Amino acid sequence: MAEQEYSLPIPVADEASQEFFDGAKEGRLMLLRCSQCGRHRLPGRERCADCWSTETEWVQASGRGKLYTFGVMHQKYHPAFAGVTPYNFAIVELEEGPRLVTNIVECENDDLRTDMPVEAVFDSVSEETTLIRFRPAS
Ligand SMILES: [Zn+2]
């Protein structure tokens, strides 16, 4: 974001997602990988959806994926968003499989297309928090 102070609501890490947010701060997109079957998932799910195992390890994802779907928000449901409307919200399907709710940056909303290749960018919005957004892959 620009030099001006970030005024939108900022997510707060919990115990399950701390590693994810710590990784983002260091420019890494972290995922959980099932130790039994190797399937990747986002934090917040205790068990693997494939094999039901709770055994996991944190791994760094490539940061590449594709735009699975998106929308453009015109309503101001929260006063903090008045200055950024219309903005996009997107679901990016990572190369590793998980789908992440995010925003696409460095792209006009009119130019967004499903399946377009995207790559992660790390947006430091406060001293404590870096958000992971995506831009069209170069
Ligand atoms: Zn598994």
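## Helix α1, the zinc site and selected backbone features

Helix α1 is followed by Gly27, a residue whose phi is positive, near 80 degrees. The model described here is predicted.

Within helix α1, which spans residues 18-25, the residues Phe20, Phe21, Gly23 and Ala24 are buried. These residues cover an arc of only 155 degrees around the axis, and therefore they lie on the same side of α1. The cover over the buried residues of α1 includes the strands β1, β3, β6 (99-102), β7 (117-124) and β8 (130-136). Phe20 counts as buried because its relative accessibility is 12%, under the cut-off of 20%, and Phe21, with a relative accessible area of 16%, is buried as well.

The structure holds two aromatic pairs. One of them is formed by Phe20 and Phe21, whose rings are arranged edge-to-face, 5.6 Å centre to centre and with 85 degrees between the planes. Another ring, that of Tyr68, has the charged end of Arg99 sitting over it, 3.6 Å from the ring centre.

The zinc ion is coordinated at 2.3 Å by the SG atoms of Cys34, Cys37, Cys48 and Cys51. Along the sequence, these donor residues follow the spacing C-x2-C-x10-C-x2-C. Cys34 lies in strand β1 (residues 30-34), whereas Cys48 lies in the loop between β2 (40-41) and β3 (56-60), so this pair ties together parts that are 14 residues apart in sequence. Both Cys34 and Cys48 are buried. Why is the arrangement around the zinc ion tetrahedral? The four donor atoms subtend angles of 97 to 120 degrees, which makes the arrangement tetrahedral, because tetrahedral sites are those in which all angles lie between 85 and 135 degrees.

Two residues other than glycine that have a positive phi are set out below, each with its loop and its relative accessibility.

| Residue | Phi | Loop | Relative accessibility |
|---|---|---|---|
| Trp52 | about 70 degrees | between β2 and β3 | 57% |
| Glu106 | near 60 degrees | between β6 and β7 | 59% |

Trp52 is exposed, with a relative accessible area of 57%, and it lies in the loop between β2 and β3, the loop that also holds the zinc donor Cys48. Glu106, at 59% relative accessibility, likewise counts as exposed, because the exposed class begins over 50%.

A further backbone feature is the cis peptide bond that joins Thr85 and Pro86, with omega at about 0 degrees. Pro86 lies in the loop between β4 (64-73) and β5 (87-94).

Terms used:
Residues are numbered from 1 along each chain as its sequence is written. This is a predicted model: local features need pLDDT of at least 70, side-chain atom pairs count only at pLDDT 80 or more; totals for chains, interfaces and linings use all residues. Side-chain values use heavy atoms; hydrogens and water are left out. Rings of Phe, Tyr and Trp (its six-membered ring) pair if their centres lie within 6.5 Å; planes under 30 degrees apart count as stacked, over 60 as edge-to-face and the rest as tilted. Buried means under 20% relative accessible area, exposed over 50%, partly exposed in between (1.4 Å probe, protein chains only). A charge sits over a ring if NZ of Lys or CZ of Arg is within 6 Å of the ring centre and within 35 degrees of the ring normal. Donors are N, O and S atoms within 2.8 Å of the metal (3.2 Å for Na, K and Ca); water is not among the atoms, so sites may look incomplete. Four donors count as tetrahedral if all angles lie between 85 and 135 degrees; four count as square planar and six as octahedral if opposite donors are over 155 degrees apart and all others between 65 and 115; anything else is irregular. Helices (H or I, at least four residues) and strands (E, at least two) are DSSP runs, numbered from the N terminus. The arc is that of the directions from the helix axis to the C-beta atoms. Contact means heavy atoms within 4.5 Å.
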